[in-house]
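I sat down today with a structure that was new to me, notebook open. Here is what I looked up, in the order I did it.

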Amino acid sequence: MENCLFCKIVAGEIPSNKVYEDELVLAFRDIAPQAPTHILVIPKAHIGSVAQITPENSGIVAHIFQVIAKVAEAEGLQNGYRVVSNCGDDAGQTVHHLHFHILGGKKLALEMA
Ligand code: AMP
């Protein structure tokens, strides 16, 4: 997708601090970490947000969650972590390519809104 920051990261046009990659998924460190460990997991194919998940593309989401579990274990997050996906303006989504934040490495605040 043209002018999509995360598509450019997938294409290697913008550098990223990669922690995991396979044919479908990329995981890399967030450039502005909100926790000691802050990783983004994205599908390589462009999906705009959670709102664009359909029966046709939802298999990738199941795969992403397997990757999340694997990455979290490799990062030593055995004590727990949070998985967040901001969807749309009210949630503060800034990059319109589906992504899941993995946040951990400390006791996280509980408020969600
Ligand atoms: P969201 O606000 O949920 O759309 O999350 C977008 C995330 O992408 C933010 O946490 C940003 O810090 C992060 N981000 C933006 N540009 C980059 C980049 N070039 N490399 C890594 N993370 C980025």
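My notes below go from the ligand to its contacts and then to the pocket.

**Entry 1: the model.** I reminded myself that this is a predicted model.

**Entry 2: around the ligand.** I looked up which residues surround the ligand and found 16 of them. The closest are Asp 30, Asn 86, Thr 94, His 99 and His 101. By class, I noted eight nonpolar, six polar and two charged residues in this shell.

**Entry 3: polar contacts.** Next I checked some atom pairs. Asp 30 has a polar side-chain atom 2.5 Å from an oxygen atom of the ligand. For Asn 86, a polar side-chain atom lies 2.8 Å from an oxygen atom of the ligand. Ile 31 uses its backbone instead: an N or O atom there lies 3.1 Å from a nitrogen atom of the ligand. I then looked up the cover, and the protein hides 84% of the 500 Å² of accessible area that the ligand has on its own.

**Entry 4: the pocket.** Where does the ligand sit? I found it in the largest pocket. That pocket holds about 280 Å³ of space. Its lining has 19 residues, and Phe 6, Phe 28, Asp 30, Ile 31 and Leu 40 are the closest to its centre. I sorted the lining into nine nonpolar, eight polar and two charged residues.

**Entry 5: helix and strand.** Last, I asked which elements contribute. α1 (5–10) and β2 (25–29) each supply at least two residues of the ligand shell, and α1 gives the most, with three. For the pocket lining, α1 and β2 again supply at least two residues each, and α1 gives the most there too, with three.

Conventions:
Residues are numbered from 1 along each chain as its sequence is written. This is a predicted model: local features need pLDDT of at least 70, side-chain atom pairs count only at pLDDT 80 or more; totals for chains, interfaces and linings use all residues. Side-chain values use heavy atoms; hydrogens and water are left out. A residue is near a molecule or strand if one of its heavy atoms lies within 4 Å of it. A polar contact is a pair of N or O atoms within 3.5 Å; within protein, one must be able to donate a hydrogen and the other to accept it, and residues adjacent in sequence count only if both atoms are side-chain atoms. Accessible areas come from the Shrake-Rupley method with a 1.4 Å probe; for residues, only the protein chains shown count as cover. On a 1 Å grid over the protein atoms alone, a cavity is a set of points where a 1.4 Å probe fits but cannot get out, and a pocket is an open set with protein on both sides within 12 Å along at least five of seven lines; lining residues have an atom within 4 Å of a point. A molecule sits in a cavity or pocket if more than half of its atoms lie within 2 Å of its grid points. Helices (H or I, at least four residues) and strands (E, at least two) are DSSP runs, numbered from the N terminus. Ala, Val, Leu, Ile, Met, Phe, Trp, Tyr, Cys and Pro count as nonpolar, Asp, Glu, Lys and Arg as charged, and the others, Gly among them, as polar. Grid points are joined across faces, edges and corners, and a volume is the space filled by probe spheres set on the points.
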